[in-house]
Amino acid sequence: MNQKNSLGLNSCFLELKDPIELFKIWMEEAKISEPNDPNALALATANRDSIPSVRMVLLKSFNREGFVFYTNLESQKGKELKENPNASMCFHWKSLLRQVRINGKLFKVKDDVADQYYSTRSYESRIGAWASKQSSILEKRSDLISSIENYKDKYKKSVPRPSHWSGWILSPLDIEFWLDGENRIHERLKYKKDETGHWNRSLLSP
């Protein structure tokens, strides 16, 4: 029988006042059930003219401060985030029939944080951060291959982090947890942060 919590939702929503704790639990469950990249998310941004753009990125870490991913700062999303820091993330775990939506503002991570993560990347990935001018027009694929080989010659062992490559952290203002329901009667729980930093919970209609 489907157990319910005190709000009348499926017990998977638990009884937590902190949405980061609930996200952590759901992510750990997704790591077990999802066949590929449980940390994949759709990142929605907009430029200064409010023209939207969305793409998939990988979540690399999270804590009470926010949700972190890394990218080329000169890419389309990097340029948009400099113009408009408002953004939204959406995780969709088909195996669990769950979604998590997060809205907030993005800030660059500190250099030492970016350095630490960059050092954990494979040699090829670190070279790629130098070689690829992300989102720019590529005349032919061989140009990229040549760029990769050139940087391999330049950095045979130690590969420093490029100044144009870093991380962003989404500081959440609200987080919604969603569970698929029969006949499209989904279950939705939203956490919204108030001016004091306290999280308030509310149910949403499907």
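## Fold, cores and charge pairs

Read from start to end of the sequence, the protein chain runs α-β-β-β-β-α-β-β-α-α-α-β-β-β. That pattern holds five helices and nine strands. The model is predicted. Its C-alpha trace spans about 60 × 35 × 30 Å along the principal axes.

The chain has 206 residues, and 41% of them are buried. The accessible surface of the protein chain is about 12,200 Å². Carbon and sulfur atoms account for 50% of that surface. Contacts reach across the sequence. Take those between residues at least 6 apart: 61% of them join residues at least 24 apart.

### The nonpolar cores

In soluble globular proteins, nonpolar side chains tend to be buried together. Here, the largest nonpolar core holds 33 residues. Which of its members touch the most others? They are Phe23, Phe91, Trp93, Val100 and Phe177. One helix and several strands each give two or more residues to this core: helix H1 (19-33), then strands S1 (40-46), S4 (66-72), S5 (86-93), S6 (98-108), S7 (165-179) and S8 (187-193). H1 supplies the largest share, six residues.

Val100 shows how these parts meet. Leaving aside residues up to four places away in sequence, Val100 touches Phe23, Trp26, Met89, Cys90, Phe91, Trp93, Ile175, Glu176 and Phe177. A second core is separate and has 13 residues, among them Val109, Ala114, Tyr118 and Trp130.

### Aromatic rings

A pair of aromatic rings is described by the distance of the centres and the angle of the planes. The model has 16 aromatic pairs. Ring pairs join Phe23, Phe62, Phe67, Phe91 and Trp93 into a cluster. Phe23, Phe91 and Trp93 also appear among the core residues that touch the most other members.

Trp26, one of the contacts of Val100, has a charged partner. Which residue places its charged end over the ring of Trp26? It is Arg98, and that end lies 4.5 Å from the ring centre.

### Salt bridges

Side chains of opposite charge can pair when their charged atoms come close. The count of salt bridges is 16. Three of them are listed here, with the distance between N and O.

| Residue | Partner | N to O distance |
|---|---|---|
| Glu28 | Lys31 | 3.2 Å |
| Lys82 | Glu74 | 3.2 Å |
| Asp143 | Lys140 | 3.2 Å |

Start with Glu28 and Lys31. Where do they sit relative to each other? Both belong to helix H1 and are three residues apart, so about one helical turn separates them. Glu28 is partly exposed, with a relative accessible area of 39%.

Next come Lys82 and Glu74. Is Lys82 buried, partly exposed or exposed? Its relative accessibility is 48%, so Lys82 counts as partly exposed. Glu74 is also partly exposed, at 43%.

The bridge between Asp143 and Lys140 comes last in the table. Asp143 has a relative accessibility of 32% and counts as partly exposed. Lys140 has 47% and is partly exposed too.

Salt bridges also form a network. Which residues does it link? They are Asp18, Glu21 and Arg64. Glu21 falls within the span of H1, 19-33. H1 is also the helix that holds Glu28 and Lys31, and it gives six residues to the largest core.

How values were computed. Residues numbered from 1 in each chain as written. Predicted model: local features only at pLDDT ≥ 70, side-chain atom pairs only at ≥ 80, totals over all residues. Heavy atoms only, no water. Phe/Tyr/Trp six-rings, centres within 6.5 Å; stacked < 30°, edge-to-face > 60°. Lys NZ or Arg CZ within 6 Å of the ring centre and 35° of its normal. Core = buried A, V, L, I, M, F, W, Y, C linked by side-chain atoms within 4.5 Å. Buried < 20%, exposed > 50% of the residue type's maximum accessible area, 1.4 Å probe, protein only. Helix = DSSP H or I, 4+ residues; strand = E, 2+ residues; numbered from the N terminus. Contact = heavy atoms within 4.5 Å. Salt bridge = Lys/Arg side-chain N within 4 Å of Asp/Glu carboxyl O. Areas by Shrake-Rupley, 256 points an atom, 1.4 Å probe, with all protein chains shown as cover.
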